Amino acid sequence: MSQAPQAQGRGAEAGHPRLGEAALAGLPAQVGRPVYVRAATRIGVVHFGPGAFHRAHQAAYFDDLLAIDPDWAICAVSLHNPGVRDALQPQDGLYTLALLEETVRLRVVGAIREVLCAPQQRKAVMARLVDPQVRLVTLTITEKGYCLSGDGLDAAHPDIARDLVSPEQPISAIGWLVAGLRERRARRLSPYTVLSCDNLADNGGRLRRAVLDYARRIDRGLAAWIESEVSFPRSMVDSITPATDDALRTRVASALGVADAWPVQREPYSQWVVEDDFRHGRPPLERVGVVFSGEIAGYDRAKLRLLNGPHSALAYLGSLLGLDTVARAMRDPALAGFVERLMREDIVPTLALPAGFDAQAYVDAILSRFRNPAIRHLLSQIAWDGSQKIPVRLLGTIADALAAGHDIDRLCLPVAGWLHFVARQARSGEALVDPLQAPLLEAGRRATGDAAHDVETFLRLQPVFGALAGDARFVEALRGAYATLAPGDAAAVALALAAAQGPQP
């Protein structure tokens, strides 16, 4: 999630002084800022991967928490690139968070008290990992940063292979976690809790298995200690966080009167759900809006199916309509109405929801987020990797609906939209960003427009459709949806969406 900032200091070159502790008192009154004494806080969290999402999401929660409890300031550690450190260190760790809505709100976040780059500051990183004050290590390193293969550790990954040879000089996140725990065990210190904040199914469970696998390869006694003493809570995080650009830097410099080398931005909505499994004390994040729950899988499923599934529906049907962003797609009454009905009437009834979860209120919040004109979320980007997304975002819901005896005609329409989207890309020679690009484009080139022929061709993609390809009810419904959308142009899609609305309940 971390990237090197571009055009660092451009605001300063234009005559603005740099954001920093000394500048806080002079910021305009409407700009939020820490309401606690930063010097009185203590670092209790080490975070690996302080990219835009962490700084826009978890760090903002900790910023709120520090006004209540000073023990949870953050040491932010980049595993590879010094860009975050080089941008934030001259700013005393401060940066601006822009909340994107009709009127953009700005706040300066002060939760990060220390910024390190692991390859260049090994001793300082290890000193933090063995600091008794540190009771939590968090991560946002994207799925590839965990060096996984299937459900376990990829021991052949170059970083893991190298760390297994020199575990005292780690370069991977797994290597650093185990190195810190090994040193704490040697010093008879309580271990820290390890909390993954990446969008990864069963993130805590998978991280725990990877850490134990790695530890067993270097020290079975250490692995046994980690297995009995260290907790790896699961979590779910959610907030749309567009990348930082020079337009944001310019906006921030103009509003604050100081230059910020790396501000971040996100939508106002933010959700963080954490499994309450902490062995040696935990931050009281429930006091600032974090939900502690033992039903993380239920929250994950709700997000996957009620947020990500409709996102894909908007991406494929909206693209066929000639629309470019989520907000623009939601301004199409037929498409917006279809998506809302899909959520409320087709997806919600399939979900086993956590206790107290208000599904209809969650749908309301998602629809409001989709309509946010300040977020330019491109449908073309959401359409990437359909072969990986469609099974978990839509086909799982379809399978559950079939098992419950529910109608699946509306659910099949966005799946058929994906097939028409692939066929369109194949006919036009345009790029298709997907791990199964070659077989998908071949199926798209073979499409004739005949629903029975085309659907049968696509259903041969076993990694996508699995057992559903042999379910006659699904095949019939998908053929019908495909025929309804044919030939996949805007006029046909508009007619199909109008027909899919049906009588209002």
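# Exercises on a predicted model

In this predicted model, the axes of helix 11 (residues 296–320) and helix 14 (residues 359–371) come within 11 Å and cross at roughly 35°. Let's start there.

## Exercise 1: Two helices that cross

Work out which hand the crossing of helix 11 and helix 14 has, and which residues meet there.

*Solution.*

- Step 1. Look at how the two pass: helix 11 goes by helix 14 in a right-handed crossing.
- Step 2. Pick out the residues on the helix 11 side, which are Ala-302, Lys-303, Leu-306, Leu-307, Pro-310, His-311 and Leu-314.
- Step 3. Now take the helix 14 side, where they meet Tyr-362, Val-363, Ile-366, Arg-369 and Phe-370.
- Step 4. Sort this contact by class, and you get nine nonpolar, one polar and two charged residues.

## Exercise 2: Backbone oddities

Find where a cis peptide bond sits, and say whether Cys-147 and Arg-188, with their positive phi, are buried or exposed.

*Solution.*

- Step 1. Recall the usual picture: most peptide bonds are trans, and most residues other than glycine have a negative phi.
- Step 2. Go to the bond joining Ala-486 and Pro-487, which is cis, with omega about 5°. Pro-487 belongs to the loop between helix 21 (472–485) and helix 22 (490–501).
- Step 3. Turn to Cys-147, which is not a glycine and yet has a positive phi of about 55°. You'll find Cys-147 in the loop between strand 6 (136–139) and strand 7 (148–149). Its relative accessible area is 4%, so Cys-147 is buried.
- Step 4. Do the same for Arg-188, also not a glycine, whose phi is positive at about 60°. Arg-188 sits in the loop between helix 7 (173–186) and strand 9 (193–196). With a relative accessible area of 79%, Arg-188 is exposed.

## Exercise 3: Hunting for disulfides

Say how many disulfides a search of the whole structure finds, then check Cys-75 and Cys-147.

*Solution.*

- Step 1. The search of the whole structure comes back with zero disulfides.
- Step 2. For Cys-75, the nearest cysteine sulfur belongs to Cys-117 and is 12 Å away. A disulfide needs the sulfur atoms within 2.5 Å, so that pair doesn't qualify.
- Step 3. For Cys-147, the nearest cysteine sulfur is again that of Cys-117, at 17 Å, and Cys-147 is in no disulfide.
- Step 4. One more detail on Cys-75: it counts as buried, at 0% relative accessibility.

## Exercise 4: Two loop residues

Decide whether His-80 and Asp-131 are buried or exposed, and list what each touches beyond four places in sequence.

*Solution.*

- Step 1. Place His-80 in the loop between strand 2 (73–78) and helix 4 (83–88). His-80 has a relative accessible area of 55%, so it is exposed.
- Step 2. Leaving out residues up to four places away in sequence, His-80 touches Cys-117, Pro-119, Asp-159 and Ile-171.
- Step 3. Place Asp-131 in the loop between helix 5 (122–129) and strand 6. Its relative accessible area is 19%; the cut-off for buried is under 20%, so Asp-131 is buried.
- Step 4. Setting aside neighbours within four places in sequence, Asp-131 is in contact with Ile-43 and Arg-184.

## Exercise 5: How far to trust it

Find which residues have pLDDT under 50, and give the mean for the chain.

*Solution.*

- Step 1. The protein chain has a mean pLDDT of 94, with 96% of its residues at 70 or more.
- Step 2. Over residues 1–13, pLDDT stays under 50.
- Step 3. Where pLDDT is low, the predicted coordinates should not be read in detail.

Notes:
Residues are numbered from 1 along each chain as its sequence is written. This is a predicted model: local features need pLDDT of at least 70, side-chain atom pairs count only at pLDDT 80 or more; totals for chains, interfaces and linings use all residues. Side-chain values use heavy atoms; hydrogens and water are left out. Helices (H or I, at least four residues) and strands (E, at least two) are DSSP runs, numbered from the N terminus. Buried means under 20% relative accessible area, exposed over 50%, partly exposed in between (1.4 Å probe, protein chains only). Axes are lines fitted to C-alpha atoms, for helices over the stretch in contact, and angles run from 0 to 180 degrees between N-to-C directions. A crossing is left-handed if the near helix is turned anticlockwise from the far one by less than a right angle, and right-handed if clockwise. Contact means heavy atoms within 4.5 Å. Ala, Val, Leu, Ile, Met, Phe, Trp, Tyr, Cys and Pro count as nonpolar, Asp, Glu, Lys and Arg as charged, and the others, Gly among them, as polar. pLDDT is the predictor's confidence in each residue, from 0 to 100.
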